[in-house]
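Colleague: I should like to request a close look at a single part of this model. Please take one helix and set out how its residues are arranged with respect to the rest of the chain.

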Amino acid sequence: MPPTPSSPTPVRSAAVVNDLIRALWLRADGVLNDGQRAEYEQLVVAAAAAVRVESGQGEVREAA
């Protein structure tokens, strides 16, 4: 069984995560390397969590 975090990680707002995604794409000039792709994937997960929380579908903890 995986360990349970002692305190939930706060979920960033969808607007903040979208800004981070836009900034990543701008920095990458539209082409992501492996590290940037991993960062993008984490941001997409964070965006989905933010949308769930903001739509009232429950508290979701962001993956570390």
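Modeller: A contact here means heavy atoms within 4.5 Å. This is a predicted model, and the part I have chosen is helix H1, residues 14–28.

First, the setting. The protein chain has 64 residues, of which 22% count as buried. Its secondary structure comes to two helices and zero strands. Among the contacts in the protein chain with a separation of 6 or more, 53% are between residues 24 or more positions apart. About 4800 Å² of the protein chain is exposed, and carbon and sulfur atoms supply 56% of that area.

Turning to H1 itself, the helix has 15 residues and, at 1.5 Å a residue, should span 21 Å; its end C-alpha atoms are 21 Å apart, so the expected and modelled spans agree.

The buried positions of H1 include Ala14, Val17 and Ile21, and Leu24 and Ala28 are buried as well. Because these buried residues fall within an arc of 85° when seen down the axis of H1, they line one face of the helix. The partner of the buried residues is helix H2 (34–54), against which they pack.

The other side of H1 presents Arg22, Leu26 and Arg27, which are exposed. Leu26 is thus found on the exposed side together with the two arginines, whereas Leu24 is buried.

Finally, the end of the helix: Asp29 follows H1, and the phi of Asp29 is positive, near 55°.

Notes
Residues are numbered from 1 along each chain as its sequence is written. This is a predicted model: local features need pLDDT of at least 70, side-chain atom pairs count only at pLDDT 80 or more; totals for chains, interfaces and linings use all residues. Side-chain values use heavy atoms; hydrogens and water are left out. Helices (H or I, at least four residues) and strands (E, at least two) are DSSP runs, numbered from the N terminus. Buried means under 20% relative accessible area, exposed over 50%, partly exposed in between (1.4 Å probe, protein chains only). Accessible areas come from the Shrake-Rupley method with a 1.4 Å probe; for residues, only the protein chains shown count as cover. The expected span of a helix is 1.5 Å times one less than its number of residues. The arc is that of the directions from the helix axis to the C-beta atoms.
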